[in-house]
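Got your viewer open? Let's take a walk through this model, one selection at a time.

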Amino acid sequence: MRKTSDIIWQDAQHQVLFEILDQIRQPGAGRHVLYQLREYTETHFSLEECYMEKLRYPGRDAHIRAHDLFRQEIEQLLENEAEQDTQFMDVISTFLTEWLTRHVFGIDKQLELFILESGAA
Ligand SMILES: [Fe+2]
Ligand SMILES: [Fe+2]
């Protein structure tokens, strides 16, 4: 359940990312879902980074480095031309979902509090 102190755009975008990661593991999901993941990840990360820059968030370097790692994971997936079977995509989906969960409840939460305290939400 959403708390009144949550930032709506951040919450909604995380939800979309988790939904795309879930689609990846569905049988028959093609590469287009990976492209969708890359595009939406960029939309979301760029917006968080924009807030971090604008508010001169002290933790922005470490946070951007974490985003860059996730970006690299997706690029590596897309570079792999081999046929990606359902089992492989299931492992990938689980890995990325766990990563994102830790990120969302970890450093994203700290950023959220900082944005809320700054009054810029
Ligand atoms: Fe986020
Ligand atoms: Fe983030």
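Start by selecting Glu-48: this residue is buried, with a relative accessible area of 0%. Keep in mind as you look that the model is predicted. Glu-48 sits between two metals: it bridges the iron ion (ligand 2) and the iron ion (ligand 1), which lie 3.5 Å apart.

Next, click on the iron ion (ligand 2). Which protein residues are its donors? They are Glu-48 (OE), His-63 (NE2), His-67 (NE2), His-103 (NE2) and Asp-108 (OD), and they lie 2.1 to 2.2 Å from the ion. If you scan the sequence for these donors, you'll find the spacing E-x14-H-x3-H-x35-H-x4-D. Now highlight Glu-48 and Asp-108 together. This pair links distant parts of the chain, 60 residues apart: Glu-48 is in helix α2 (residues 31-54) and Asp-108 is in helix α5 (residues 107-118). Is Asp-108 buried or exposed? Asp-108 is buried, with a relative accessible area of 1%.

Stay with Glu-48's helix and select the whole of α2. It has 24 residues and reaches 35 Å from its first C-alpha to its last, close to the 34 Å expected at 1.5 Å a residue. Colour its buried residues, among them Val-33, Leu-34, Leu-37, Phe-45 and Met-52. Glu-48 and Glu-49 are on that buried list too, along with His-44 and Tyr-51. What covers these buried residues? The cover includes α1, α3, α4 and α5, so try showing those helices around α2.

Slide just past the end of α2 and you'll reach Arg-56, which takes a positive phi of about 50 degrees. Most residues other than glycine have a negative phi. Arg-56 belongs to the loop between α2 and α3 (60-79). At 64% relative accessibility, Arg-56 counts as exposed, because the cut-off for that word is over 50%.

Time for some charged pairs. Side chains of opposite charge can pair when their charged atoms come close. How many salt bridges does the model have? The count comes to 9.

Select Arg-71 and Glu-42 to see one of them: the closest N and O atoms of this salt bridge are 2.8 Å apart. The pair joins distant parts of the chain, with Arg-71 in helix α3 and Glu-42 in helix α2, 29 residues apart. Arg-71 is buried, with a relative accessible area of 17%, while Glu-42 counts as partly exposed at 34%.

Keep Arg-71 selected and add Asp-68. Their side chains also meet in a salt bridge, at 2.8 Å from N to O. Both residues lie in helix α3, 3 residues apart, about one turn of the helix. An α-helix has 3.6 residues a turn, so residues three or four places apart point the same way. Asp-68 counts as partly exposed, at 31% relative accessibility. Now add Glu-49 to the selection, and you have the full set: Glu-42, Glu-49, Asp-68 and Arg-71 are linked in a network of salt bridges.

For the last stop, pick Asp-90 and Arg-25. Their side chains meet in a salt bridge of 3.0 Å, N to O. Asp-90 is in helix α4 (residues 86-105) and Arg-25 is in the loop between α1 (8-24) and α2, so follow the chain across the 65 residues that set them apart. Both count as partly exposed, Asp-90 at 33% relative accessibility and Arg-25 at 24%.

Note on methods:
Residues are numbered from 1 along each chain as its sequence is written. Chains are lettered from A and ligands numbered from 1 in the order in which they are written. This is a predicted model: local features need pLDDT of at least 70, side-chain atom pairs count only at pLDDT 80 or more; totals for chains, interfaces and linings use all residues. Side-chain values use heavy atoms; hydrogens and water are left out. Donors are N, O and S atoms within 2.8 Å of the metal (3.2 Å for Na, K and Ca); water is not among the atoms, so sites may look incomplete. Helices (H or I, at least four residues) and strands (E, at least two) are DSSP runs, numbered from the N terminus. Buried means under 20% relative accessible area, exposed over 50%, partly exposed in between (1.4 Å probe, protein chains only). A salt bridge is a side-chain nitrogen of Lys or Arg within 4 Å of a carboxyl oxygen of Asp or Glu. The expected span of a helix is 1.5 Å times one less than its number of residues. Contact means heavy atoms within 4.5 Å.
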